[in-house]
Amino acid sequence: MLKKIRTALAGIVFILFMLMFMDFSGLATKWFGWLAKIQFLPAVLALNAGIVILLIIVTVLFGRVYCSVICPLGIFQDVIARFFKGWRKKHKKNYTWSPEKKWLRYGMLAVFIVAIVLGVNALAALLAPYSSFGRIAQNLFSPVWIWGNNLCAWIAEKCGGYAFAHKEVWIKSLPTFIIASVTFVVIFILAARNGRTYCNTICPVGTILSFFSRFAIFRPVFNASMCKSCHLCERNCKASCIDLANKKIDYSRCVACFDCLDNCKFGGIKYRPFRQKLKRSRSMPMRQRSMLPLRTPRTTADVLSSALQHWSWAH
């Protein structure tokens, strides 16, 4: 259920972003421009403390849902990963646990911060996820959208209608087009093969939010008594953050996609408050419970003896 809700919300957000970036009439930007204001880095650069604090609170409560529901580049990677799911299965390229590459994550974050401080906006824009998706949408997707509009206009004219108007297709800047193309190819390959590698190695927003997501209140948690070690959760974790051998999850990289919950058939992993503990009878395997010593029932004589001892001490 959680995955279905997440997928539905992410789908709506992604469609609205695509309309906003590709629509040449300006209406979509007018209607859905507020989506840009709730993006993390634009809010930080605009000193919009309210949005920044709200996104951090959401991350502390539920994990990195921002990366799977609000960030258009993150949703775009999920679309690519889903499209190539069959290819990965056919070629046995399932996801698997991989250790965190701290030197790369924090190195890219340091480069981004230095670029911001020194005013090297071009370098910062290369790493910012919202800027990267905007370049891809406007330079690669928008021309296709306009060509489709022109095709509809041509067909309408042949039928004597004028519901569509021809629009010019042109490249705003050749360097920007090349950068957008290279970014698209890199993200496409990484997402098709490894899921959210870009988010957990290069993206500065993902690294910043990881400082808070590792303390998230609600998170996926193993239920050792129910887990069958079937590896379905690990093989479907696009963030490669599930270490099934040690029953551990790297919450700094978990993007709260809920794929692990959806694929687990035995209830071995649940999304719940992290500090909530299962009762002993549920968390302890049956074999271990059978080895516990049984309590010997107390007889009436034992009860009377204990009462007399207590009475003698009291007097």
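Which element gives the most to the lining of the second largest pocket? Keep that question in mind as we walk through this predicted model; the answer comes at the second stop.

**First stop: the largest pocket**

Begin by selecting K3, R82, K85, R88 and D259. Of the 23 residues lining the largest pocket, these are the closest to its centre. The space you are now looking at has a volume of about 630 Å³.

Next, colour the helices that give two or more residues to this lining: α1 (2–22), α7 (72–83), α8 (85–90), α14 (232–235) and α15 (259–263). Pay special attention to α1, since the largest share of the lining, 7 residues, comes from α1.

Now try colouring the lining of the largest pocket by residue type. You should find 10 charged residues, 8 nonpolar and 5 polar.

**Second stop: the second largest pocket**

Move on by selecting Q138, S142, P143, I146 and K172. They lie nearest the centre of the second largest pocket, which is lined by 19 residues. Its volume is about 420 Å³.

Two elements to highlight here are α1 and α11 (129–158), which give two or more residues each to the lining of this pocket. Here is the answer to the opening question: α11 gives the most, with 8 residues.

Finish by colouring this second lining by type as well. The second largest pocket has 13 nonpolar residues in its lining, along with 3 polar and 3 charged.

**Before you close the viewer**

Select α1 once more: this helix gives residues to the lining of the largest pocket and to that of the second largest pocket.

Notes
Residues numbered from 1 in each chain as written. Predicted model: local features only at pLDDT ≥ 70, side-chain atom pairs only at ≥ 80, totals over all residues. Heavy atoms only, no water. 1 Å grid on protein atoms, 1.4 Å probe; cavity = no way out; pocket = protein on both sides within 12 Å on 5 of 7 lines; lining within 4 Å. Points joined across faces, edges and corners; volume = space filled by probe spheres on them. Helix = DSSP H or I, 4+ residues; strand = E, 2+ residues; numbered from the N terminus. Nonpolar A, V, L, I, M, F, W, Y, C, P; charged D, E, K, R; others polar.
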